[in-house]
Amino acid sequence: MANYTHLHDWNLTPSEAVALQQTLRYSIRIEQPVAPFRTIAGCDISFNKFEETVYAGIVVLRLDTLETIEESGVVSRATFPYIPGLLSFREIPALLEAWANLETDPDVVMFDGHGTAHPRRIGIASHGGLWLNKPAFGCGKSVLVGKFDQPAPEQGNWTPMRHYGDVVGAALRTKNKVTPVYVSPGHLIDLQTTIALTLQCDGGYRIPEPTRRAHLLVNNLRKAAKDPQT
DNA sequence: GCGACAG
DNA sequence: ATCTTGTCGC
């Protein structure tokens, strides 16, 4: 089953959260994975605006067939507000609850957000990877930091995203002539592998399957709780 | 000081 | 993120 070890407290002020990121960033390891990956997890959360209740979910799929092999959804609470650069403090606590309910132990995790493409190089994918002590990377729909040139319009093309002289991620075209997604390594993985895995998770949509299915899962959870029906 | 700013 | 219908383009 999937587990994780407690790294630190979550009830922090935004200021304390930034300070914690400055100490945690040095534990992050960006490197080429040794063992091949067989399964991948996608995670996401959903919520009603102005409400503290959040629906967190994780979907595990086989990398070779993209078949879903497990889903885990939980209803939790997020007390930390959304602040650009501190997303992990709002989303990870609930995601850990969903993770703990997993029967399988995914080989790598795809987060909805960034990894090193972050002002302090420790986005949700890096922070999450540290907690899970597992290879993790981020795939975001918009940019937080980093400058880049537009990649060629055909699927598979990508351009490096740079921030203060560092290549922090890549603008990757997952579909012909469609806005690219922004990927970056989180922990225990490198940019090349991050790009390859994202392309391997292609299901015909801009958003790769792990994240796309996790999004559908948590959205259905939220709707189910909203209506007195099924 | 001003503008930017993952989900 | 969420609130929402139709509509332009391949």
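This is a short tour of a protein with DNA, with suggestions for what to select at each stop. Keep in mind as you click around that the model is predicted.

**Stop 1: the sheet**

Start with a cartoon view and colour the strands. You're looking at an open sheet of eight strands, in the order β3-β2-β1-β4-β5-β8-β7-β6, and the pairing is mixed. What stands at the edges of the sheet? Select β3 (68–77) and β6 (158–163): each has a single partner strand, so one side of each is left without a neighbour in the sheet. Now turn the view and follow the twist, which averages 25 degrees from one strand to the next.

If the word "pairing" is new to you, here's the idea: strands of a sheet pair through backbone hydrogen bonds, and they can be parallel or antiparallel. For an antiparallel example, pick strand β7 (residues 166–172) and strand β8 (residues 181–187), which are joined by three bridges. Zoom in on A170 and you'll find V183 of β8 standing opposite.

**Stop 2: helices on the sheet**

Next, select α2 (87–100). Which strands does α2 lie across? Show β1, β2 (53–62), β3 and β4 (108–111) and you have them; the helix runs at about 55 degrees to β2. Then add helix α3 (residues 124–132), which also packs on the sheet. Helix α3 touches β4, β5 (136–140) and β8, and its direction makes about 30 degrees with that of β8.

**Stop 3: two residues with positive phi**

Now for a pair of backbone details. Select L66, in the loop between β2 and β3. L66 has a positive phi of about 65 degrees, although it is not a glycine. Is L66 buried or exposed? Its relative accessible area is 13%, and buried means under 20%, so L66 is buried.

Then jump to R121, in the loop between β4 and α3. Here too you'll find a positive phi of about 65 degrees in a residue that is not a glycine. With a relative accessible area of 14%, R121 counts as buried.

**Stop 4: Q200**

Go to helix α4 (residues 191–200) and select Q200. Its relative accessibility is 39%, so Q200 counts as partly exposed. Which residues does Q200 contact, leaving aside its neighbours within four places in sequence? They are L63, D64 and L66, so you're back with a residue from the last stop. Turn on side chains here: the side chain of Q200 reaches the backbone oxygen of L63 at 3.3 Å. To get a feel for distance, draw a line from the C-alpha of Q200 to that of E52: the two are 35 Å apart in space and 148 residues apart in sequence.

**Stop 5: DNA strand B**

Time to show the DNA. Select DNA strand B and the 19 residues around it; Y82, G85, I124, K141 and S142 come nearest. By class, this surface has eight nonpolar, seven polar and four charged residues. Among the elements you've already seen, β1 (39–47) and α2 each supply at least two residues of it.

Which part of the strand faces the protein? Of the atoms of DNA strand B within 4 Å of the protein, 51% belong to sugar or phosphate and the rest to bases. Try these three close-ups:

- I124: a polar backbone atom is 3.1 Å from a base nitrogen of the strand.
- L87: a backbone N or O atom lies 3.3 Å from a base nitrogen.
- D112: an N or O atom in the side chain is 3.2 Å from a sugar or linking oxygen.

**Stop 6: DNA strand C**

Last, select DNA strand C with the residues surrounding it: S46, F47, K49, K141, K177, H215, N219, R222 and K226. Sugar and phosphate account for 93% of the atoms of this strand that come within 4 Å of the protein. Zoom in on the phosphate oxygens. One is 2.8 Å from an N or O atom in the side chain of S46, and a distance of 3.4 Å separates a phosphate oxygen from such a side-chain atom in N219. R222 also has a side-chain N or O atom 3.4 Å from a phosphate oxygen.

The elements giving two or more residues to this surface are β1 and α5 (209–226). Which gives the most? Highlight α5, with four residues. By class, the surface near DNA strand C has one nonpolar, three polar and five charged residues.

Terms used: Residues numbered from 1 in each chain as written. Chains lettered and ligands numbered in written order. Predicted model: local features only at pLDDT ≥ 70, side-chain atom pairs only at ≥ 80, totals over all residues. Heavy atoms only, no water. Buried < 20%, exposed > 50% of the residue type's maximum accessible area, 1.4 Å probe, protein only. Contact = heavy atoms within 4.5 Å. Polar contact = N/O pair within 3.5 Å; in protein donor to acceptor, adjacent residues only side chain to side chain. Near = heavy atom within 4 Å. Nonpolar A, V, L, I, M, F, W, Y, C, P; charged D, E, K, R; others polar. Pairing = 2+ DSSP bridges. Axes fitted to C-alpha atoms, helices over the stretch in contact; angles between N-to-C directions.
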